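Thanks for coming. I have one structure to go through today, and I will keep it short. Please have a look at it first.

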Amino acid sequence: MGGAAGGVRRGSGGRDGGWGRGRTGESRGQIRRLIYSGAEAVVARPDDLRNYSKMGRVGAPTVGTTQQDLDTNGWCLIPPVAAITIADVLSPLGPISSGQCDLKPYSRESAPRGSMSSVVGTDKQPMHTDAAYRPQPPRYIALQCVDPGEAPCPTHVWTLNLGPLSKDRPDILTKTTWIAHGQGHVPFYCSIMDTLGGRVRVRFDPLCMRPMSGANKTIAEAQEFLDFYSKRIDFDWDRGALLIIDNWRCLHARGNGASGAPSRRLRRWTIGARNGLVT
Ligand SMILES: [Fe+2]
C-alpha cells in the first residue's frame, strides 16, 4: 500500500480523517458516528431520512441536486416525502435496465441459486459492487424501500476517497490479477480498480471474484484496502425512501438484522448505458 504507514490502518475510518465530514459531519447535529469493524462509519437515522432538509437539501430533489449529491458523496438519498417518480429521478442518469428486482431476505436453503443470499443467508453481506461478474457493471443502482421489515436492517455504503486512491493506485487493486465469474457469465480477468475516460471504476465482490493463480493476494486483503480508502455511511430504511448509489465509486452491503426482518423489501433498478459504459 502506498504511504509511509506501509499497511492498512484500522480504526481510523479513512486515509484523511476529515474526508466527507462537510456534508454529514457531527457538527450538523443529526448524524452519529460509531466504530464498526475497526472502521469509522456514520449512520443516517430514520429522522434524517424523513427530514431531508437537515441533510442539506430543502424540498424535492432536482436532476441537478441528485447528480450533485452523487458526484459529491457517491450516493444520493431521496426521502419518502419527496413528490417524485422513479423515472423522473433515474432517467437523467442514464438508461434504466429493463425490469426491476425486489430484494428480500432469504435463508441459504431458499435463496436463488448463485445469489449472495445462497451463501450468506440472512447474515450481513460482504462489501461489494453489484454485477461485478459482468464486464461492464451498471454505473448506478437505485434501491427503494418497499417495506422496511419488522426490525432495523441497514444498508451500508462505502464511498471511496478517489483522490488518495488515484494517487496511490495500490497494486492489489490495479493489477489484472483477478478473475470475475458467476451468474452464468464467462469468467474473465480483471482488476478491482480501473480507469475509463479518466473516471475510476471499482468492481469487487468476494463471492464472485478470486485471485488468479500465482497472484499471492487474497480477496480479504483487497477488502482491507478498499475499507481503508473509503468512508462508510449506514442507512436505516423508511418506507418509500430511495437511495441511489454510484456503483463504480461505492461499495455496499446489507447489514445485520435481516433474520428479524423477513418482510424487508428493497426494489432495485440498475442504470447505465450498455450496462455501465457511461461516458
Ligand atoms: Fe448489492
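I will go through the nonpolar core, then a buried strand and its partner, then a small sheet. Keep in mind that this is a predicted model.

The core first. The largest nonpolar core has 49 residues. Trp75, Ala142, Phe204, Leu226, Leu243, Ile244 and Ile245 are the ones with the most contacts inside it. Strand β5, residues 140–147, supplies the largest share of this core, five residues.

Let me stay with Trp75. Which residues does Trp75 touch, leaving out those up to four places away in sequence? Leu243, Ile244, Ile245 and Asp246 are among them, and so are Val157 and Thr159. The list also includes Leu70 and Cys250.

Next, strand β12, residues 230–235. Five of its six residues are buried, so the strand is largely enclosed by the rest of the structure. Its partner here is β6, residues 155–160: the two strands run antiparallel and are joined by six bridges. To place that on your screens, find Thr155, which stands opposite Phe235 in β12.

Last, the small sheet. It is open, with three strands in the order β8-β7-β11 and antiparallel pairing. The edge strands, each pairing on one side only, are β8 at 185–190 and β11 at 209–211. From one strand to the next, the twist averages 25°. Between β7, residues 178–182, and β11 there are three bridges, again in the antiparallel sense. Ile179 has Arg210 as its bridge partner in β11.

That is what I have.

Terms used:
Residues are numbered from 1 along each chain as its sequence is written. This is a predicted model: local features need pLDDT of at least 70, side-chain atom pairs count only at pLDDT 80 or more; totals for chains, interfaces and linings use all residues. A nonpolar core is a set of buried Ala, Val, Leu, Ile, Met, Phe, Trp, Tyr and Cys residues joined through C-beta atoms within 7 Å. A residue is buried if 20 or more other C-beta atoms lie within 10 Å of its own, exposed if 12 or fewer, and partly exposed in between; C-beta atoms are placed from the backbone. Helices (H or I, at least four residues) and strands (E, at least two) are DSSP runs, numbered from the N terminus. Two residues are in contact if their C-beta atoms, placed from the backbone, lie within 7 Å. Two strands pair if DSSP finds at least two bridges between them. Axes are lines fitted to C-alpha atoms, for helices over the stretch in contact, and angles run from 0 to 180 degrees between N-to-C directions.
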